[in-house]
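Please open the model in your viewer and keep the sequence panel beside it. The stops below each begin with a selection and then say what is found there.

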Amino acid sequence: MTQSLLILSFSDISADARVLKQVAAFRDRYEVTTCGYGPAPEGVADHVQLPSDQEVWRYSRALLMLRQYARAYRQNGAVRAASAALDGRRFDVVLANDVDAVPLALSLEPRLGVHADLHEFAPAQKSELLRWRLFVAPFMAWICRTSVTRATSVTTVAHGIAREYRRRFGIAAGVVTNATPFADQPPTELHEPLALVHSGACFRNRHLDIMLDALELTSRPATLDLYLTPNDPAYLAELVERARTRPHVRVHDPVPYRELVRTLHDYDVGVFVLPPVNVNYRWALPNKLFDFVQARLGVVVGPSPEMAELVRQEGFGVVADDFTAAGLARVLDTLTPESVEALKQRSDEVAAPLSSETQVAIWVAAVDRIAAGG
């Protein structure tokens, strides 16, 4: 009899690239039920859809201030909705995504165990904000101490974040990067002017305007296209307004994940400079970096340790010496048609070993061990 697996995520799973890779990895190995926002992902046996108006981040401020963390968690609208919808159902294994899902996963008492996949270092997610440091960070640390430490196994997205979990909580987390599924496509011919692209979330603390400022400082003729999700509508509106007066910059609506690599393929260089305003940004190794590789682009990044190490080690990009627009412009000034063509060719050479197919095997091994009673 096929064993049952619940993939639990307080996200829209149909649009969550990392969780969709879990679904694809397990739907033919287990009887997979998903629980999250949005419609059922393709190929699952069952889906529990959570109400979209019950966001998991809406914890009681009063209870957090009083440090009544267990009550704050139990009374959270998303947790209550998921708990009610899953009441009476039993699973052999639960794969819980992010720390918010782990206490609920444990409370479901799966027959064999819980694997926790932590997408960020939760206590420092917004550590640049004082209210986060005072009220939310201690709550996230409480979940880590009281719940994540009880998971059968744990993974996270980058080695720096894994080290933080070990240092703070003694959690031994494996690493599954946000790699992108392999795309079999050759590099495109070089554009003139150079075609730069960035895709991802539009948060003010990512300082995406650095890229726009750099384009005004560089002597290298280039265009910049941004594909942004509207996480911060006010900031997105500011970027759109700036782009209107700059014919070399265009801001686009986001494209579905299944179409993203194909869309990026028609560019030359993927760009991401992320100032380390919090721990997670410092150790970021984001999916867009792997999207750029599968799109066969050259890459320009800031000196974020994990991104810089991978880019230098595999040779498919260049690293700016700081996180400023001037630093990015200096790197763009060094790019030549020959060097960009070489970077694109190198992305083609490393696309297979850097694909998600090499990474999801780590999840499969972890869940299979739990399912085997290990």
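Throughout this tour, buried means under 20% relative accessible area, exposed means over 50%, and partly exposed means in between, computed with a 1.4 Å probe on protein chains only. This is a predicted model, in which local features need pLDDT of at least 70 and side-chain atom pairs count only at pLDDT 80 or more, while totals for chains, interfaces and linings use all residues. Residues are numbered from 1 along each chain as its sequence is written, and side-chain values use heavy atoms, with hydrogens and water left out. Helices (H or I, at least four residues) and strands (E, at least two) are DSSP runs, numbered from the N terminus.

**Stop 1: the seven-stranded sheet**

Select strands 1 to 7, which form an open sheet with parallel pairing in the order 3-2-1-4-5-6-7. At its edges are strand 3 (46–49) and strand 7 (174–175), each of which pairs on one side only. Two strands are said to pair if DSSP finds at least two bridges between them; strand 2 (residues 31–37) and strand 3 are joined in the parallel sense by four bridges, and within this pairing Thr-34 stands opposite His-47 of strand 3.

Now add helix 4 (residues 77–86), which lies across strand 1 (4–12), strand 2 and strand 3 and runs at about 155° to strand 1. Helix 16 (residues 360–371) also packs on the sheet, where it touches strand 1, strand 4 (93–97), strand 5 (113–118), strand 6 (153–156) and strand 7, and its direction makes about 160° with that of strand 5. Contact here means heavy atoms within 4.5 Å, and the axes are lines fitted to C-alpha atoms, for helices over the stretch in contact, with angles from 0 to 180 degrees between N-to-C directions.

Next, select helix 1 (residues 17–26), where eight of the 10 residues are buried; among them are the charged-type names Arg-18 and Lys-21, alongside Val-19, Val-23 and Phe-26.

**Stop 2: aromatic pairs**

Show the side chains of Phe, Tyr and Trp, whose rings (for Trp, the six-membered one) pair if their centres lie within 6.5 Å, with planes under 30 degrees apart counted as stacked, over 60 as edge-to-face and the rest as tilted. The whole structure contains nine aromatic pairs. One of them is Tyr-59 with Phe-139, an edge-to-face pair at 4.7 Å centre to centre and with 70° between the planes. Tyr-59 lies in the loop between strand 3 and helix 2 (61–65) and Phe-139 in helix 6 (residues 130–146), so this pair ties together parts that are 80 residues apart in sequence. Both rings belong to buried residues, and if you add Tyr-69 and Trp-142 you have one aromatic cluster of Tyr-59, Tyr-69, Phe-139 and Trp-142.

Then move to Phe-121 and Phe-169, a tilted pair at 6.3 Å centre to centre with 35° between the planes. Phe-121 is buried at 2% relative accessibility, and Phe-169 is buried with a relative accessible area of 13%.

**Stop 3: strand 11 and its neighbours**

Select strand 11 (residues 269–272), from which Val-269 and Val-271 point one way and Gly-270 and Phe-272 the other, all of them buried. In a regular strand the side chains alternate between the two faces of the sheet. Strand 11 pairs in the parallel sense with strand 8 (residues 194–201) over two bridges, and four bridges join strand 11 to strand 12 (residues 298–301), again running parallel. Val-269 is the bridge partner of Leu-196 and also has Gly-298 as its bridge partner in strand 12.

Keep Phe-272 selected and add Lys-288, which lies over the face of that ring at 4.4 Å from the ring centre. A charge sits over a ring if NZ of Lys or CZ of Arg is within 6 Å of the ring centre and within 35 degrees of the ring normal.

**Stop 4: backbone details**

Which bond joins Glu-192 and Pro-193? A cis peptide bond does, with omega about 5°, and Pro-193 lies in the loop between strand 7 and strand 8.

Finish with His-207, which has a positive phi of about 55° although it is not a glycine, and which counts as partly exposed at 31% relative accessibility.
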